[in-house]
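Got the structure open in your viewer? Let's walk through it one selection at a time, beginning with a single pair of residues and working outward.

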Amino acid sequence: MPEPRWLAYARTLIGVREIPGAKHSPTIMGWIKALGPRILGITVRDDETAWCGTFCAHVMVHAGINPPPIAVRAKAWATWGRQLISPRPGCILVFDRKGGGHVGFYVGESDADFYVLGGNQGNAVTITPLAKSRLTQGGMRWPEGEPLPKPQIVRMTGGVRSTNEA
């Protein structure tokens, strides 16, 4: 089965990076402007604001799917859509981290980690392993109204585990 359209689009964004300091990524700022406070839930003025939720919202809106209210907040995604108990490529994963949360798309896993395609991972859109133990309660989600494929575990190895995506 082909991967979901939103995941295929998200893959095209790998490598987009924020610009530390006073300058800001025109790409990320374009997402922020297009989404606006109505979707993001707050006014965002720079790429220094945690933007993992912004990335996921941009990808979903591009795919014609409504993100959750206050989409900029990673933890807002933990109640969005339908809850899953088994992963599928493209499902949303929501993680706990000190000071907040993190959100991205499932692309694979190892015994200990989920491999997440997400924004603001090392200040960029990357595929990064995150410890499965950090998954928020109910934090595996699928968009309402989208056909639900069978569970699929994609085995992956390598990479450096992220411990804080802020």
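## Stop one: a pair on neighbouring strands

Select Ile92 and look across to strand 6: the residue standing opposite is Arg141. Keep in mind as you go that this is a predicted model.

Now show the whole of strand 2 (92–97) and strand 6 (135–142) as cartoon. Three bridges join strand 2 to strand 6, and the two run antiparallel. Turn to the other partner, strand 1 (residues 82–83), and you'll find it antiparallel to strand 6 as well, held by two bridges. To find that spot, select Arg82, which faces Trp142 in strand 6.

Is strand 6 largely enclosed or not? Six of its eight residues are buried, so the rest of the structure largely encloses it.

## Stop two: across the hairpins

Go back to strand 2 and follow the chain into strand 3 (100–109). The two make a hairpin with two residues between them. Click on Gly99 in that turn: its phi is positive, about 85°. Six bridges tie strand 2 to strand 3, again antiparallel, and Asp96 is a handy marker because its opposite number in strand 3 is Gly101.Keep going along the chain. A second hairpin leads from strand 3 to strand 4 through three residues, and four bridges join these antiparallel strands. Two pairs are worth labelling here. Tyr106 stands opposite Val116 in strand 4, and Phe105 stands opposite Leu117 in strand 4.

How much of strand 3 is buried? Nine of its ten residues are, so strand 3 is largely enclosed by the rest of the structure.

## Stop three: the whole sheet

Colour the strands separately and step back. They form an open sheet of six strands in the order 1-6-2-3-4-5, with antiparallel pairing. At the edges sit strand 1 and strand 5 (126–131), each pairing on one side only.

Next, bring in the helices. Helix 1 packs on the sheet and touches strand 3, strand 4, strand 5 and strand 6. The direction of helix 1 makes about 100° with that of strand 3. Helix 3 packs on the sheet too, touching strand 2, strand 3 and strand 4, with a direction about 55° from that of strand 3.

## Stop four: helix 3

Select residues 52–62, which is helix 3. This helix is mostly covered, with nine of its eleven residues buried. Which ones are they? Cys52, Gly53, Thr54, Phe55, Cys56, Ala57, His58, Val59 and Met60.

To see what does the covering, show helix 1 (5–12), helix 2 (26–40), strand 2, strand 3 and strand 4 (113–118), which are included in it. Then move past the end of helix 3 to Gly64, where phi is positive, near 80°.

## Stop five: the nonpolar core

A word of background first: in soluble globular proteins, nonpolar side chains tend to be buried together.

Here, the largest nonpolar core has 46 residues. Show Trp6, Phe55, Trp77, Ile92 and Phe105 as sticks: these touch the most other members. Helix 1, helix 2, helix 3, strand 2, strand 3, strand 4 and strand 6 each supply at least two residues of this core. You've already met Ile92 opposite Arg141 and Phe105 opposite Leu117.

Now centre the view on Trp77. What is Trp77 in contact with, leaving aside its neighbours within four places in sequence? Here's the list to select:

- Gly53, Cys56, Ala57 and Met60, among the contacts of Trp77
- Pro67, Pro68 and Ala71, also among them
- Ile92, Val94, Val103 and Arg141, which complete the set

The residues in the opening item are also among the buried residues of helix 3.

## Last stop: zoom out

Show the full chain. There are three helices and six strands, and reading along the sequence gives the pattern α-α-α-β-β-β-β-β-β. The radius of gyration is 14 Å, close to the 15 Å that the globule rule gives for 166 residues, so the chain is as compact as a globular protein of that length.

Along the principal axes, the C-alpha atoms fill a box of roughly 40 × 35 × 30 Å. Switch on a surface and you're looking at an accessible area of about 8,000 Å², 54% of it belonging to carbon and sulfur atoms. Of the 166 residues, 53% count as buried. Finally, try a contact map: among contacts between residues at least 6 apart in sequence, 60% join residues at least 24 apart.

How values were computed: Residues are numbered from 1 along each chain as its sequence is written. This is a predicted model: local features need pLDDT of at least 70, side-chain atom pairs count only at pLDDT 80 or more; totals for chains, interfaces and linings use all residues. Side-chain values use heavy atoms; hydrogens and water are left out. Buried means under 20% relative accessible area, exposed over 50%, partly exposed in between (1.4 Å probe, protein chains only). Contact means heavy atoms within 4.5 Å. A nonpolar core is a set of buried Ala, Val, Leu, Ile, Met, Phe, Trp, Tyr and Cys residues joined through side-chain atoms within 4.5 Å. Two strands pair if DSSP finds at least two bridges between them. The radius of gyration is taken over C-alpha atoms; the globule rule is 2.2 Å times the number of residues to the power 0.38. Accessible areas come from the Shrake-Rupley method with a 1.4 Å probe; for residues, only the protein chains shown count as cover. Axes are lines fitted to C-alpha atoms, for helices over the stretch in contact, and angles run from 0 to 180 degrees between N-to-C directions.
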